[in-house]
Amino acid sequence: MTFHHFIDGQAVSAANGRFGDVYNPATGEIAGQVPFAGPEQVGQAVAAAEAALPKWAATPPIQRARVMFRFKALIEAHMDELAETVSAEHGKTLEDARGSITRGVEVVEFACGIPHLLKGEFTEAVGTGVDSYSMRQPVGVCAGITPFNFPAMVPMWMFPIAIACGNTFVLKPSERDPSCPLRLARLLQEAGCPDGVLNVVNGDKEAVDALLTDPRVAAVSFVGSTPIAEYVYATASAHGKRAQALGGAKNHMVVMPDADLDQATDALMGAAYGSAGERCMAVSVAVAVGDAAEPLIKKLAPRVQGLKIGPYTDSAAEMGPLVTRQALDRVKALVDSGVEQGAELIVDGRGETLQGYENGYFMGGCLFDKVEPEMEIYKQEIFGPVLSVVRAADYDSALDLVVKNPYGNGTAIFTRDGDAARDFASRANIGMVGVNVPIPVPVAYHSFGGWK
Ligand code: NAD
């Protein structure tokens, strides 16, 4: 299969002969080739977005909202097909894929209320005989650059809101799984969105750089790894654009000795191994406080050992493959480093393979105990099915680990003590904090974002 770009309502083929391979991670086979746009094609997409802007910005918000209502219905009608495109190229289970699309739909639902949200402010008599009001107006052409791990949800964090507000948009999705974003663009068109309002260009750094430096792009939203987030933020702002850039994560879940350990174990299984750990909100460190460590490990170990890996076509699979061969090799090398640096590997999933899928990027779950902050497995975002247990003597040293960690996306505490919960929520310098909730992802009408 050869993919294309989606510019001004049309499928547009590659112009420069640069392509990347898209894999089926369960088999390791090449599933298609995605064109990598150069500055010329990106410029074409930006020009289409710029041309569509005046009319779309002048379209009454209620009419823009009606497009979103129809878009929501179309996504729901095509849920199975969309989920399959996500699973086929990412590897996650269908249930995970459907869940992530539903989270995207929630943003579209939020965008359906845009007329109410765009109401400005009015103050009568800020001075004698002088009233003051503020209006909300579109910024212009917006660009979104998104990661592989949520090819439906993360683009849908961005373009429905930007477009409902009257902006036009150029999306540069991940080159690993381009099918779903391209399909979403078609569905938005079917919902009545005029051509040029949403454009999709595929590509790599070259396409991203073209967006970051194009003077016609007013705002950039990025989600991905920390080094690229820093680069995008710095480059976009140096070119005078509004920029927001969400980066990587190393999320800690603190388990207090008074926690319900069955509940904490269930939570850790889903949060550490769901989507094979390829989530920015995955819990990759469990901080076991005091006496919690031994019983927690005892409960976790058989569950991790028993995790059922499989392709998305196997409905019994709990965990799919990693996204690429490089990702698999990188995660296994980090597990090797954990062993070399003295952590105790309680469950070793490195050697696990699947009959009939020997070339797929599968590995089993790994569980480490006695991980120390100096170890690579603690310092790096592993982005794989690996959970590190760090033992902390008391609540203060557990909190200290969370506070001093350079990452600050999400964290959680499991406890039955209201004081500890309240103190943790207030003092953890982390964007999203869960109390007895392992992945504290807010719904669309609250903001999502990290700290640090
Ligand atoms: P990535 O940073 O490799 O890629 C993200 C995007 O940047 C892609 O579209 C990619 O094509 C582009 N890109 C890659 N290298 C580039 C370069 N040198 N210059 C310019 N653009 C470049 O991230 P990924 O591997 O696709 O996604 C996984 C990462 O995303 C993890 O670190 C994860 O934590 C993070 N993530 C964060 C959030 C969040 O909300 N904070 C959400 C999802 C994923």
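**View 1. The lining of the second largest pocket, by residue class.** In this predicted model, the lining of the second largest pocket breaks down into 19 nonpolar, twelve polar and nine charged residues. That pocket holds a volume of about 1,000 Å³. Its lining counts 40 residues, and sitting nearest the centre are Pro147, Phe148, Gly224, Ser225 and Ile228. If you're tracing the walls, the elements that chip in two or more residues are H6, helix H8 (205–213), S10, helix H9 (226–238) and H12. H9 hands over the largest share, four residues.

**View 2. The largest pocket and what lines it.** Here we're looking at about 1,200 Å³ of space. The lining runs to 37 residues, with Trp157, Met158, Ile161, Ala162 and Gln244 nearest the centre of the pocket. Helix H4 (94–112), helix H5 (114–117), strand S7 (141–145), helix H6 (153–164), strand S10 (217–223) and strand S11 (242–246) are the elements that each supply two or more residues. Sorted by class, the lining of this largest pocket comes out as 27 nonpolar, six polar and four charged residues.

**View 3. An open sheet of seven strands.** Read across the sheet and you get the order S14-S15-S16-S13-S12-S17-S18, with mixed pairing. The edges belong to strand S14 (344–347) and strand S18 (432–435), each of which pairs on one side only. On average, neighbouring strands are turned by 20° against each other, direction ignored.

**View 4. Zooming in on the S17 and S18 pair.** Strands like these are held together in a familiar way: pairing in a sheet goes through backbone hydrogen bonds, either parallel or antiparallel. Strand S17 (residues 410–414) and S18 take the parallel option, over four bridges. For one spot to look at, pick Thr411, whose bridge partner in S18 is Val433.

**View 5. Helix H15 against the sheet.** Helix H15 (residues 418–427) packs on the sheet, where it touches strand S12 (251–255), S17 and S18. The direction of H15 makes about 170° with that of S17.

**View 6. Helix H12, also packed on the sheet.** Helix H12 (residues 325–340) touches S14, strand S15 (366–369) and strand S16 (386–392). Its direction makes about 25° with that of S15. H12 also turns up in View 1, as one of the elements giving two or more residues to the lining of the second largest pocket.

Definitions and conventions:
Residues are numbered from 1 along each chain as its sequence is written. This is a predicted model: local features need pLDDT of at least 70, side-chain atom pairs count only at pLDDT 80 or more; totals for chains, interfaces and linings use all residues. Side-chain values use heavy atoms; hydrogens and water are left out. Two strands pair if DSSP finds at least two bridges between them. Axes are lines fitted to C-alpha atoms, for helices over the stretch in contact, and angles run from 0 to 180 degrees between N-to-C directions. Contact means heavy atoms within 4.5 Å. On a 1 Å grid over the protein atoms alone, a cavity is a set of points where a 1.4 Å probe fits but cannot get out, and a pocket is an open set with protein on both sides within 12 Å along at least five of seven lines; lining residues have an atom within 4 Å of a point. Grid points are joined across faces, edges and corners, and a volume is the space filled by probe spheres set on the points. Ala, Val, Leu, Ile, Met, Phe, Trp, Tyr, Cys and Pro count as nonpolar, Asp, Glu, Lys and Arg as charged, and the others, Gly among them, as polar.
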